[in-house]
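Okay, thanks for squeezing me in. Let me put the chain up on the screen, and then I'll walk you through a handful of residues.

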Amino acid sequence: MHRRILAPSVLAASLLLAIPASATDFTPGAPGIGDPYYPSSGNGGYDVSHYDLRLKYQPATDLLEGTATILATTTQNLSRFNLDFGLAVSEVRVNGTKAKYVKSGTQELEITPAAPLAKGKSVSVVVKYAGKPSELSIDGYTAWHRTPDGGVAAQEPDSAVWWFPSNDHPLDKATYDVSVLVPDGTQAISNGTLQSQSSKLGWTRYNWRSNKPQATYLTTLAIGKFDITTDTTANGLPVINAYSKDLGDNDGAARASIERTKEVTEWLSDVFGPYPFNSVGGYVPNVTTGFALETQTRPYYSPKQFTNGANVSVVVHELAHQWYGDSVSVDGWKDIWNNEGFARYAQWLWSEKEGEGTAQELADYVYAQHPADDPFWKVKPGDPGADNQFDLAVYDRGGLALQALRNAVGDTTFFALLKGWPAAHQYGNAKVGDFVQYAEKVSGKPLAGLFDTWLYQPSKPTAPAAKKAKLVAGAVVTQPKSWKKIAATNEIHDHH
């Protein structure tokens, strides 16, 4: 072999090229994504593009076994990084090589790869784990709901911690493949479309795919015995609804509500623009909670939503979130009005469509119903605080803000805004301030003062402000026909 002799200067240069960056150039990723409402939610240092979850669940014991493969890109030079997760972990591999890991805090899984990870590189992380999600309590509550025939993962602002490791904040969306093995006779339901189903040796595997960016809290899993109905919309969109087989007296009302999903989706597509995902539907497990949740493509409904009969208004609310909250998600949890104000207003528009009270009449009633000293007016929908994130004011005062906007810019511009905003920010994240700027740009009007009055001032807007917003002030206002149905959905706020 012929050996090449290098000059000292050439040798020095070649050594510099061969030596990796100093260990001091690599730092740990932050244990939170930076949301002041929930400092421990999410993590820094990487961005996830896809989750592949391969699970096995035994309903009789609530034992969940899983292998999560996470595909991500580093956003800094990483010496270690965190995932949010609560169950017991047995192995972690980073880029195929075993990594060290420790649990810390209530939900942090700290992972130290065998070699530091350079910024801008693709990374695969495989986590093997097992546990009983119903036995995991974080900050005094659980997002895993045990049912007579299985379990359900659904909660806001977070739920992933109970069943898969993740970067658990809406700022880091990803696509999903969720494969679940359950005993024959039991079904597994998740987001998106069912890609395949197969049975072997007493077990059935369901493979679900959600092919558009999806926040972790919008990812759901329901295991049990369901009656599943299917259909397609006028545009060929798959409609998949599921009902626990033991809903009792609430079964009929639940079906009478959720079977209108197709109709509501087609109507909302006229209001908000083309539906943004690969399927639509809803499911009702036999749970004891009272809330509903906009889990992407397949909203979750508690049976209690239908205790007093059918209520299509709650279906309207959760499906409206597919545009406002799911496709366009919060930048931080203080931006919750971008989700809930619009979903509430969709309920008002549905009432208007059904001839049960116009949005103006509903706004008049909300304004008149709450005197100036009502704590309702102390909550600022534009930044309500973590303790008031799901307060009624975020919904009803949030709807008032949109009615004030509608009256200020006129119907043509207002409905152009409702369609344009989801298109402009599709599959992304946005702040309340982003919507204000967008509304000003489209309307050509200064609107900061209007939004400040209705979203940020901790007091009831005065009679002159109400008059400017064309609200009835200082008079007895008749309760719109739809009010009771809309008010009956207020339990959707009670996520804890």
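Let's start with D139, which sits in the loop between β8 (122-131) and β9. A word on those labels: helices (H or I, at least four residues) and strands (E, at least two) are DSSP runs, numbered from the N terminus. D139 isn't a glycine, yet has a positive phi of about 55°. With a relative accessible area of 62%, D139 is exposed. The cut-offs there are under 20% relative accessible area for buried, over 50% for exposed, and partly exposed in between (1.4 Å probe, protein chains only).

Before going on, the fine print. This is a predicted model, where local features need pLDDT of at least 70 and side-chain atom pairs count only at pLDDT 80 or more, while totals for chains, interfaces and linings use all residues. Residues are numbered from 1 along each chain as its sequence is written, and side-chain values use heavy atoms, with hydrogens and water left out.

Back to odd backbones. D62 is another non-glycine with a positive phi, about 65°, and its place is the loop between β1 (46-58) and β2 (63-74). Is D62 buried or exposed? Buried, at 1% relative accessible area.

There's also a cis peptide bond, from E156 to P157, with omega near 15°. P157 belongs to the loop between β10 (150-153) and β11 (174-183).

E156 comes up again when we look at I336. That residue is in the loop between β21 (329-330) and α5 (337-353), and I336 is buried at 0% relative accessible area. What does I336 touch, not counting residues up to four places away in sequence? E156, V330, P384, Q389, F390 and V394. Contact, by the way, means heavy atoms within 4.5 Å. Take F390 from that list: I336 and F390 are 54 residues apart along the chain, and their C-alpha atoms are separated by 8.3 Å.

Now some strand residues. H145 is in β9, residues 144-147, and counts as buried at 9% relative accessibility. Its side chain reaches the backbone oxygen of A154 at 2.8 Å. For a polar contact I want a pair of N or O atoms within 3.5 Å; within protein, one must be able to donate a hydrogen and the other to accept it, and residues adjacent in sequence count only if both atoms are side-chain atoms. Leaving out residues up to four places away, H145 also touches a set of residues including V287, T289, F291 and Y300.

L83 is in β3, residues 81-84, buried at 1%. Its contacts beyond four places in sequence include N43, Y46, I70, E108, V125 and P165. E108 is 25 residues from L83 in sequence but 6.0 Å away in space, C-alpha to C-alpha.

Y243, in β17 (residues 238-244), is buried too, at 0% relative accessibility. Setting aside neighbours within four places, Y243 is in contact with K225, F226, D227, T229, A254, R255, I258, E259 and V284. The C-alpha atoms of Y243 and T229 are 8.6 Å apart, with their positions 14 residues apart in sequence.

One helix residue: T265, in α3, residues 261-272. T265 is buried at 2%. Which backbone oxygen lies 2.8 Å from a polar atom of the T265 side chain? That of T261. Past four places in sequence, T265 contacts L237, Y275, V280, L319 and W323.

Okay, zooming out. The chain has twelve helices and 22 strands. Its radius of gyration is 25 Å, close to the 23 Å that the globule rule gives for 496 residues, so the chain is as compact as a globular protein of that length. That radius is taken over C-alpha atoms, and the rule is 2.2 Å times the number of residues to the power 0.38. Along the principal axes, the C-alpha atoms fill a box of roughly 95 × 60 × 45 Å.

Buried residues make up 55% of the 496. Of the contacts between residues at least 6 apart in sequence, 70% join residues at least 24 apart. The chain exposes about 19900 Å², with carbon and sulfur atoms supplying 53% of that; these areas are Shrake-Rupley with a 1.4 Å probe, and for residues only the protein chains shown count as cover.

That's my tour, thanks.
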